[in-house]
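Here is a note for a colleague who is meeting this structure for the first time. The points go from the overall fold to single residues, and they are best read beside the sequence and the model.

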Amino acid sequence: MAESQEDESLLCVGADVLHTITPSAGLFVGEDLHERILDALVVKRRCEVEGNPRWKQLVVYAVVRVGSRFLEYKRPLDRGDPRLRGKYSLGVGGHANVDDTVANVDCRQMLEAAVCREFEEETGIQLGAHHSGRFLAYVQDEAEPVDKDHLGSIWLVDLEGLRPSSVASAEIT
């Protein structure tokens, strides 16, 4: 039986810990920074961290490239986080949660699995062998209410062998 969204177990980082790693809002790159954030991740129930300034929920975000074109996505009006409904995104993403983990898998592999799961949930396409993905950066922002709860982990996903028309609910521009 699937757990309710409020009971979902998410990967999070304490805001106090995060501020020692990335002391301000912005875009942050670097392998050392990535390793430090991976080491700081803990599992928390969504109901404990949603709207709680002591925690940042980790979200994976895939910027999707097909050749020289990028996926542009308008979020549905009838589902998902109400703060994001109807907004445009350059790519797809969502929470990294314990469903993305399996025994003896490190956090990096778990985040790669989360990228694949989120892409499939949003587009209906299984990435499988059709992609190569790599971590790019973290983004931390406080501009919008939804941003205050999240730390973004940005990934570039290069798709090969897919025609732009095969991406059902998104547009490649």
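1. In what follows, helices are DSSP runs of H or I with at least four residues and strands are DSSP runs of E with at least two, both numbered from the N terminus. Read in this way, the predicted model has 4 helices and 10 strands, and from the N terminus on its elements follow the order β-α-β-α-β-α-β-β-β-β-α-β-β-β.

2. Before any detail is discussed, the confidence of the prediction deserves attention. The mean pLDDT of the protein is 81, with 84% of its residues at 70 or more. Helix H3 (residues 46-49) has the highest confidence, at 93, while strand E10 (residues 171-172) has the lowest, at a mean of 50. Over residues 164-169 the pLDDT stays under 50, although the model has 11 contacts there beyond four places in sequence. Where pLDDT is low, the predicted coordinates should not be read in detail.

3. On the packing of the chain as a whole, 44% of the 173 residues count as buried. Of the contacts with a separation of 6 or more, 72% are between residues 24 or more positions apart.

4. Two residues illustrate such pairing across the sequence. Ala-15, in helix H1, counts as buried because its relative accessibility of 8% is under the 20% limit. Leaving out residues up to four places away in sequence, Ala-15 touches Pro-53, Arg-54 and Trp-55, and its C-alpha is 9.6 Å from that of Asp-149, a residue 134 positions away in sequence. Ser-24 lies in the loop between helix H1 (15-21) and strand E2 (26-28) and counts as partly exposed, at 40% relative accessibility. The C-alpha atoms of Ser-24 and Glu-142 are 9.6 Å apart, with the two positions 118 residues apart in sequence.

5. The largest pocket holds about 1100 Å³ of space. Its lining is made up of 38 residues, and those nearest its centre are Val-59, Arg-75, Leu-84, Gly-93 and Gly-94. Among the elements that give two or more residues to this lining are strand E4 (55-66), strand E7 (92-95), helix H4 (107-123) and strand E8 (131-140). By type, the lining residues divide into 16 charged, 11 polar and 11 nonpolar.

6. Which residues does Glu-118 touch, not counting those up to four places away in sequence? This residue of helix H4 touches Val-60, Val-92, Gly-93, Gly-94 and His-95. With a relative accessibility of 6%, Glu-118 falls under the 20% limit and therefore counts as buried.

7. Ser-89, in strand E6, is likewise worth a look on screen. Its relative accessible area is 9%, so Ser-89 is buried. Apart from neighbours within four places in sequence, Ser-89 is in contact with Tyr-61, Leu-71, Glu-72, Tyr-73 and Arg-75.

8. How many disulfides does a search of the whole structure find? The search finds 0. A disulfide is a covalent bond between the sulfur atoms of two cysteines. As for the surroundings of individual cysteines, Cys-12 is buried, with a relative accessible area of 0%, whereas Cys-116 is partly exposed, at 24%.

How values were computed: Residues numbered from 1 in each chain as written. Predicted model: local features only at pLDDT ≥ 70, side-chain atom pairs only at ≥ 80, totals over all residues. Heavy atoms only, no water. Disulfide = S-S within 2.5 Å. Buried < 20%, exposed > 50% of the residue type's maximum accessible area, 1.4 Å probe, protein only. 1 Å grid on protein atoms, 1.4 Å probe; cavity = no way out; pocket = protein on both sides within 12 Å on 5 of 7 lines; lining within 4 Å. Points joined across faces, edges and corners; volume = space filled by probe spheres on them. Nonpolar A, V, L, I, M, F, W, Y, C, P; charged D, E, K, R; others polar. pLDDT = per-residue confidence, 0-100. Contact = heavy atoms within 4.5 Å.
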